Amino acid sequence: MTPAIATVRADCAADPAGTLTFDLTVPASSPAPAPASVLLLRRRGAAGRRPGGTVRIPLGESGPGRLRAVLPASTGLSEGRWDAYVEEPGSQAVRTVEPGLRDLRALVDRSPDTGAASVSARVPYPTADGRLALRCWVRAPHAEAGTVVVGPDGMTVEGVLYGVAAGEGALVEARPPGGPAGSHSFPLAPDGPSGGFAFTLPYGPPAGGPVREAQLWQLWLVPAEGAAGIRISRILDDVWSRDKSFVYPARAAAPGVLATPCYTADNDLCLRLEPGPAHS
């Protein structure tokens with residue numbers, strides 16, 4: 001692994017198109033990066049695997065002790081988590097980048113063209129060990145979750161479908177851990193040419209089997225009979241990980257079983273089942 005040297009600090013700002021601007025501050029105690037240095041984005045590989053790619057963005061002066069890099073929305077970044085570094089020409093070491101201020105207001109409630117073939121999103125965030133990284137999504141097509149209402153007997157979800165239209169036989173599948181075997185299907189209600197959709201998922205059918213430990217049921221939208229499923233997620237705002245920030249109440253789904261709508265750390269919508277007190 002390439003060694004890291006002194007850190008720099010980066011403020012981030014986003015525009016409505018998804019372009020990200022990074023303004024880097026070099027501490028007075030550290031030497032300035034050499035000319036032709038770049039902001040290096042390195043895709044984090046899966047456990048035990050090599051990183052999945054790199055992108056280099058030129059750094060230019062933007063004031064005393066300040067450097068700027070601009071990542072256009074058109075730059076291709078594959079889905080995953082990308083760590084940020086400063087790379088200097090001819091050096092075997094890189095500088096780690098610490099997160100500064102993040103102005104991501106322009107990312108809130110984004111509404112891409114529903115006819116677009118793909119939807120992408122990039123959110124800068126601080127890692128658990130205090131470094132700057134990007135969470136990137138690329139979905140083609142994409143089902144964006146919106147309002148989630150937790151009812152006494154089921155969860156109702158509204159959303160928008162991008163890149164494909166819902167047709168005859170459209171439905172939503174709740175898939176158990178381990179794959180589609182044992183899935184439960186529920187009708188999808190398309191909302192005209194705007195791409196909107198809605199569905200209600202009753203808690204009872206998924207909770208019909210034994211629930212001896214927590215289960216995470218994934219929610220997929222099938223836009224037409226025989227079509228491939230589309231993972232239902234929420235990515236078009238400034239939240240890089242919703243699993244702890246979007247918390248919904250639990251409801252009794254069956255005797256001794258609780259059901260709770262939830263998001264994963266990758267912002268995919270799920271239904272969590274877990275053992276709970278029996279109800280009458």
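A residue counts as buried when its relative accessible area is under 20%, as exposed when that area is over 50%, and as partly exposed in between. Keep this cut-off in mind for the views below, which come from a predicted model.

**Figure 1. Val55 in strand β4.** The strand that holds Val55 covers residues 54-58. The relative accessible area of Val55 is 15%, so this residue is buried. Which residues does Val55 touch, not counting those up to four places away in sequence? They are Leu39, Leu40 and Leu41, then Thr75, Gly76 and Leu77, and finally Trp82. One of these partners, Leu39, is 16 residues from Val55 in sequence, and their C-alpha atoms are 8.2 Å apart in space.

**Figure 2. The whole chain, for orientation.** Before zooming in again, here is the overall setting. The protein has zero helices and 21 strands. Its C-alpha atoms fill a box of roughly 70 × 40 × 30 Å along the principal axes. Of the 280 residues, 45% count as buried. If you take the contacts between residues at least 6 apart in sequence, 62% of them join residues at least 24 apart. About 13,400 Å² of the protein is exposed, and carbon and sulfur atoms supply 54% of that area. There are 26 positive and 27 negative charges, and the mean positions of the two sets are 6 Å apart.

**Figure 3. The salt bridge between Arg135 and Asp266.** Side chains of opposite charge can pair when their charged atoms come close. In this view, the closest N and O atoms of Arg135 and Asp266 are 3.0 Å apart. What does the pair tie together? Arg135 belongs to strand β10 (residues 132-139), while Asp266 sits in the loop between β20 (257-263) and β21 (269-275), so the bridge links parts that are 131 residues apart in sequence. The two partners also have their own exposure classes: Arg135 is buried, because its relative accessibility is 4%, whereas Asp266, at 31%, is partly exposed.

**Figure 4. Further salt bridges, buried and exposed.** The whole structure contains 18 salt bridges, and a few more are shown here. Arg234 and Asp237 meet through their side chains with an N to O distance of 3.6 Å, and both residues are buried. Are the partners in the bridge of Lys244 and Asp243, with N to O at 3.4 Å, buried or exposed? Lys244 is exposed, with 70% relative accessibility, and Asp243 is partly exposed at 31%. Elsewhere, Arg44, Asp83, Asp129 and Arg131 are joined into one network by salt bridges that share partners.

**Figure 5. Cys12 and Cys136, without a disulfide.** A disulfide is a covalent bond between the sulfur atoms of two cysteines. How many disulfides does a search of the whole structure find? The count is zero. For Cys12, the nearest cysteine sulfur is that of Cys136, 12 Å away. The same pairing holds from the other side, as the cysteine sulfur nearest to Cys136 is that of Cys12. A pair of cysteine sulfur atoms has to lie within 2.5 Å to count as a disulfide, so these two do not qualify. Cys12 is buried, with a relative accessible area of 4%, and Cys136 is buried too, at 1%.

**Figure 6. Backbone details at Pro141 and Asn267.** Two loop residues are shown for their backbone geometry. The peptide bond joining Ala140 and Pro141 is cis, with omega at about -10 degrees. Pro141 is placed in the loop between β10 and β11 (142-150). Where does Asn267 lie? This residue is in the loop between β20 and β21. Its phi is near 70 degrees, which is positive in a residue other than glycine. With a relative accessible area of 0%, Asn267 is buried.

**Figure 7. Tyr263 and its contacts.** Tyr263 is part of strand β20 and is buried, at 3% relative accessibility. Leaving aside neighbours within four places in sequence, Tyr263 contacts Ala145, Gly146 and Val148, together with Arg234, Arg242, Asp243, Phe246, Tyr248, Asp268 and Leu269. Readers of Figure 4 will recognise Arg234 and Asp243 among these contacts. How far apart are the C-alpha atoms of Tyr263 and Asp109? The separation is 17 Å, for two residues that are 154 residues apart along the chain.

Technical notes:
Residues are numbered from 1 along each chain as its sequence is written. This is a predicted model: local features need pLDDT of at least 70, side-chain atom pairs count only at pLDDT 80 or more; totals for chains, interfaces and linings use all residues. Side-chain values use heavy atoms; hydrogens and water are left out. Helices (H or I, at least four residues) and strands (E, at least two) are DSSP runs, numbered from the N terminus. Buried means under 20% relative accessible area, exposed over 50%, partly exposed in between (1.4 Å probe, protein chains only). Contact means heavy atoms within 4.5 Å. Accessible areas come from the Shrake-Rupley method with a 1.4 Å probe; for residues, only the protein chains shown count as cover. Lys and Arg count as positive and Asp and Glu as negative; His and the chain ends are not counted. The place of a charge is taken as NZ of Lys, CZ of Arg, CG of Asp or CD of Glu. A salt bridge is a side-chain nitrogen of Lys or Arg within 4 Å of a carboxyl oxygen of Asp or Glu.
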